[in-house]
2 protein chains.
Amino acid sequence: MARVTARDVAEVAGVSQATVSYVINDNPNQKISPATRERVLRAVQDLGYAPSAAARALRMGTSGAVLLILPHVPIGPVVGAFIECLEAELKERGLGLVTRRVDDGEDLTLLWRQVMPAAVVSMVAMGREERAALEGAGIFLAEALLSPRREESTLSLPQLLVGRLQVEHLAMAGHRHIGYAAAADAQVEEFLRLRLEGVRMSCVELGLDLPDVQWIEADAAAAQAAVEEWRAREPRVTAVCAYNDEIAFVVLAGMRRAGLRAPEDLALIGVDNIPLAPFADPPLTTIDQNVDVSAKHLAQLVRAGIDGEPLPRVPRSESVTLVVRESA
Amino acid sequence: MARVTARDVAEVAGVSQATVSYVINDNPNQKISPATRERVLRAVQDLGYAPSAAARALRMGTSGAVLLILPHVPIGPVVGAFIECLEAELKERGLGLVTRRVDDGEDLTLLWRQVMPAAVVSMVAMGREERAALEGAGIFLAEALLSPRREESTLSLPQLLVGRLQVEHLAMAGHRHIGYAAAADAQVEEFLRLRLEGVRMSCVELGLDLPDVQWIEADAAAAQAAVEEWRAREPRVTAVCAYNDEIAFVVLAGMRRAGLRAPEDLALIGVDNIPLAPFADPPLTTIDQNVDVSAKHLAQLVRAGIDGEPLPRVPRSESVTLVVRESA
DNA sequence: TTGTATGCGTTATCAA
DNA sequence: TTGATAACGCATACAA
């Protein structure tokens, strides 16, 4: 059962292969008589013809796909939602999404040269030459970076701001001595660094002590120890920023073991607003990164970039919002 | 900045384009002198040459990728882990993974004809002709289905068993009247149906009453109402199977509002063993589907299938294990 | 309105 | 050991 090609279709329909191509692609500067079109379409149906993506890509110089380059972070609810949303948005615009996670040393050039995407959405920073090469190849680049950059097509996911918002909320509630619950996972090191930096900056600006950092393993007993460290400090830590909501859940488990309640004994604020955050005990106050709107913006950018239209004005920096529940 | 082709490399290296191809692919039945190979490789380096995936795919008749076909379910921690693991396993074997989520009516044939994968891993059932067509096209098919089928290359993710295990554990603890916390999400309908069916079957076999089903929205107050319904039943429901761990968290939140504790007032068991399960209050007893071992098996199957080797003997049905913590 | 012919970048066959 | 050459399936400029 060999592959059905446009030639087979042409033969059955009694037309030339070119005509098949015209019909398939609704080529605008080729008028096709309704009768021929009809015959061709029927033949396509009958034979179950599907154009070869490879041949098309080879001919067109691009696969038409959008390549999403992700750093090697775990795919949790947030990254999942981001991919899901971006995928949906692009699909609506007739674009397919190919997702690739890359390791640190990996050669990005090789990657996009292979995939031949029409556009690249990257969450890892690309070097100067890399960007030039992409431009030269006619591939539109949209970046979604943790550290902001002043480019038209770059929007930043402001991790620094995330940290600041956490502290501001706690300071507003009168806390002066805060702790930081860091994730002991090398994969998220970059995120952690920036969020913690944001926390530090904010502490300095607001005249608070620097955060008291504890590394949290996925273990309630260890978390309990960390919590007790905070409580034993002089002066005592009264509020904690968690790296994310998962860590916050672990901290809550530690507090429970220590017989402590949030926010009375120790206030707690997370990041991500995962679906389970409202169901923590107590419901988790957290920072929402609104990745769905980022995805929407990215999709708009990509769409315009591919079509060569002027880029829509999209916020340089995505909005990050505080979600107040009960834990802080 | 036009694309760097094998011809450019050949020119720089002072050899023919065919030679470049030989060197690149380590063609076994072509001896290349070390000197030539060296020159070619240097030229490749200098020009930053990367072979065109499209051209290669066109020529070879396959893109070499593995196509993962997923139903349109939300990408939570479990599906995320599955993808992640499968991706890693395949990468280890030099295979790339292309993930596609398909809607219900979507034409799968079109999909694989376009991607030209070397193998397809499908979580949606394929029709008889579809499978024949794939075979004809020389594409290896491995299925990971919810409903088992007796094929060599099909392994089932036994959702029925998941439900049974939940009930068996509860029955063992002496519960006779159990409730079922169903997810009110149309996307997971298929999973829900099967898990619930497993619960029903097990109830019948063990001589328990049929489960008392409550639909749980993502809302603690609503969950509280559901919990109180169970408690008001005559005879009273003493244990609940949740559709998954997320629903279990919601039920726990509802119980908390109702002033009830697990397992004393109401035992609770989830499914999935998500990372947060140990940190619920109380820590969640649950069923682990071990998707990582499924992924491993699938990767083995795919590898053998592509290489035309005899398929490794792999369990027809994946193992599902009970993880006992404190909630039941 | 339709058909003919060409090239996209590879790999692989065969002759040198 | 190497090089010329022919597909692979498609889109399009150009001829009819």
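Hi everyone, let me start with one residue: leaving aside residues up to four places away in sequence, A:Cys85 touches A:Asp292 and A:Ala295. Please keep in mind that this is a predicted model.

Where does that cysteine sit? A:Cys85 is part of helix α5 of chain A, which covers residues 77-92. Is A:Cys85 buried or exposed? With a relative accessible area of 16%, under the 20% cut-off, A:Cys85 counts as buried. For a sense of scale, take A:Leu194 as a partner: A:Cys85 and A:Leu194 are separated by 109 residues in sequence and by 25 Å in space, C-alpha to C-alpha.

Helix α5 of chain A also holds A:Glu87. A:Glu87 is buried as well, at 18% relative accessible area. Which residues does A:Glu87 touch, not counting those up to four places away in sequence? They are A:Leu97 and, from the other chain, B:Arg101. The side chains of A:Glu87 and B:Arg101 are joined by a polar contact of 3.4 Å.

That brings us to the two chains together. Chain A can be superposed on chain B by a rotation of 180 degrees with a shift of 0.1 Å along the axis, and the RMSD is 0.1 Å. The two copies are therefore related as by a two-fold rotation axis. Which residue of chain A comes closest to that axis? It is A:Ala54, whose C-alpha is 2.3 Å away. And 100% of the interface residues of chain A are interface residues in chain B too, so the copies meet through the same surface.

Now a quick look at how chain A is divided. The domain assignment gives domain 1 as 6-50, domain 2 as 57-157 + 292-315, and domain 3 as 159-288. Between the C-alpha centres of domain 1 and domain 3 of chain A there are 63 Å.

Next, the DNA, beginning with strand C. Around DNA strand C there are 30 residues, and the nearest are A:Gln30, A:Lys31, A:Thr36, B:Gln17 and B:Arg59. Of the strand C atoms within 4 Å of the protein, 55% are sugar or phosphate, and the rest belong to bases. Here are some individual pairs. In A:Tyr22, a polar side-chain atom is 2.9 Å from a base oxygen of DNA strand C. The side chain of A:Thr36 has an N or O atom 2.3 Å from a phosphate oxygen of that strand. On chain B, a polar side-chain atom of B:Tyr49 is 2.8 Å from a phosphate oxygen of DNA strand C. Elements giving two or more residues to the surface near this strand are α2 and α4 of chain A, along with α2 and α4 of chain B. Which element gives the most? That is α2(B), with 5 residues. By class, the surface near DNA strand C has 13 nonpolar, 13 polar and 4 charged residues.

Finally, DNA strand D. It is surrounded by 27 residues, the closest being A:Tyr49, A:Arg59, B:Gln30, B:Lys31 and B:Thr36. Sugar and phosphate make up 60% of the strand D atoms that come within 4 Å of the protein. The side chain of A:Gln17 places an N or O atom 3.2 Å from a base nitrogen of DNA strand D, while for A:Arg56 the partner is a phosphate oxygen, at 3.1 Å. For the surface near DNA strand D, the largest share comes from α2(A), with 5 residues.

Thanks for listening!

Notes. Residues are numbered from 1 along each chain as its sequence is written. Chains are lettered from A and ligands numbered from 1 in the order in which they are written. This is a predicted model: local features need pLDDT of at least 70, side-chain atom pairs count only at pLDDT 80 or more; totals for chains, interfaces and linings use all residues. Side-chain values use heavy atoms; hydrogens and water are left out. Copies are superposed by least squares on the C-alpha atoms of residues with pLDDT of at least 70 in both. Contact means heavy atoms within 4.5 Å. Domain bounds come from an automatic or database domain assignment. A residue is near a molecule or strand if one of its heavy atoms lies within 4 Å of it. A polar contact is a pair of N or O atoms within 3.5 Å; within protein, one must be able to donate a hydrogen and the other to accept it, and residues adjacent in sequence count only if both atoms are side-chain atoms. Helices (H or I, at least four residues) and strands (E, at least two) are DSSP runs, numbered from the N terminus. Buried means under 20% relative accessible area, exposed over 50%, partly exposed in between (1.4 Å probe, protein chains only). Ala, Val, Leu, Ile, Met, Phe, Trp, Tyr, Cys and Pro count as nonpolar, Asp, Glu, Lys and Arg as charged, and the others, Gly among them, as polar.
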